[in-house]
Amino acid sequence: RRGALSPLDRAVAELEAALGRAGRPVSPGTTLRQLEHRLGAPPEATAYLRALSASRYGPAPQPVTTEQRRALRRALAQGLGPTGKLRALWALPPRPR
């Protein structure tokens with residue numbers, strides 16, 4: 001089934017799975033904009049979410065950068081205690097799955 005998804009849909013599915021693995025599951029119908037506000041992440045991390053949103057609703061796809069992905073991973077690690085970095089790395093690995 002994963003092969004039938006567009007690259008954007010795979011990226012959004014990966015984000016949803018990462019949030020769940022990091023202990024921050026999203027409810028159905030949550031928008032990317034709502035996730036921005038919910039995470040309260042720094043601008044570098046929200047740039048990841050905005051790139052996905054621009055790809056979905058904008059005139060041209062906007063690629064997610066390695067730095068944006070790294071920043072989102074750091075935001076996921078916040079508040080997860082001593083093992084937060086490892087858990088965030090597991091939740092959102094350096095390369096998309």
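In this predicted model, the buried residues of helix α4 pack against four other helices: α1, α2 (32–39), α3 and α5. A good place to begin a tour is therefore α4 itself, whose buried residues are Gln-68, Arg-69, Ala-71, Leu-72, Arg-73, Ala-75, Leu-76 and Ala-77, where buried means under 20% relative accessible area. The helix has 12 residues and spans 17 Å from its first C-alpha to its last, close to the 16 Å expected at 1.5 Å a residue. Just after α4 comes Gly-79, which takes a positive phi of about 80°.

One residue of α4 deserves a second look. Ala-77, which lies in this helix, is buried, with a relative accessible area of 15%. Leaving aside neighbours within four places in sequence, Ala-77 is in contact with Arg-24, Gly-84, Lys-85 and Ala-88. Asp-9, by comparison, is 68 residues from Ala-77 in sequence and 24 Å from it in space, C-alpha to C-alpha.

Two of the contacts of Ala-77, Gly-84 and Ala-88, also appear among the buried residues of helix α5 (residues 84–91), which are Gly-84, Ala-88 and Ala-91. Seen down the axis of α5, these buried residues fall within an arc of 60°, so they line one face of the helix. This fits a general pattern: an α-helix has 3.6 residues a turn, so residues three or four places apart point the same way. The buried residues of α5 pack against α1 (7–21) and α4 (66–77). On the face turned away from this buried side, α5 carries the exposed residues Lys-85 and Leu-86.

Attention now turns to α3 and its meeting with α4. Two packed helices are described by the angle between their axes and the distance between the axes. For α3 and α4, the angle is about 115° and the axes are 7 Å apart; the crossing of these two helices is left-handed. On the α3 side, Glu-44, Ala-45, Ala-47, Tyr-48 and Ala-51 take part, and they meet Gln-68, Arg-69, Ala-71, Leu-72 and Ala-75 of α4.

Helix α3 has 15 residues and reaches 20 Å from its first C-alpha to its last, close to the 21 Å expected at 1.5 Å a residue. Its buried residues are Ala-45, Thr-46, Tyr-48, Leu-49, Ala-51, Leu-52 and Ser-55, and what covers them includes α1, α2 and α4. Ser-55, found in α3 (residues 43–57), is buried, with a relative accessible area of 18%. The side chain of Ser-55 reaches the backbone nitrogen of Gln-62 at 2.7 Å. Gln-62 is also among the contacts of Ser-55 that remain once neighbours within four places in sequence are left aside, together with Leu-8, Ala-60 and Pro-61.

The last stop is α2, the helix that holds Glu-36. Glu-36 is buried, with a relative accessible area of 8%. Not counting residues up to four places away in sequence, Glu-36 touches Ala-41, Thr-46, Leu-49 and Arg-50. Among these, Thr-46 and Leu-49 also belong to the buried residues of α3.

Terms used: Residues are numbered from 1 along each chain as its sequence is written. This is a predicted model: local features need pLDDT of at least 70, side-chain atom pairs count only at pLDDT 80 or more; totals for chains, interfaces and linings use all residues. Side-chain values use heavy atoms; hydrogens and water are left out. Buried means under 20% relative accessible area, exposed over 50%, partly exposed in between (1.4 Å probe, protein chains only). The arc is that of the directions from the helix axis to the C-beta atoms. Contact means heavy atoms within 4.5 Å. A polar contact is a pair of N or O atoms within 3.5 Å; within protein, one must be able to donate a hydrogen and the other to accept it, and residues adjacent in sequence count only if both atoms are side-chain atoms. The expected span of a helix is 1.5 Å times one less than its number of residues. Axes are lines fitted to C-alpha atoms, for helices over the stretch in contact, and angles run from 0 to 180 degrees between N-to-C directions. A crossing is left-handed if the near helix is turned anticlockwise from the far one by less than a right angle, and right-handed if clockwise.
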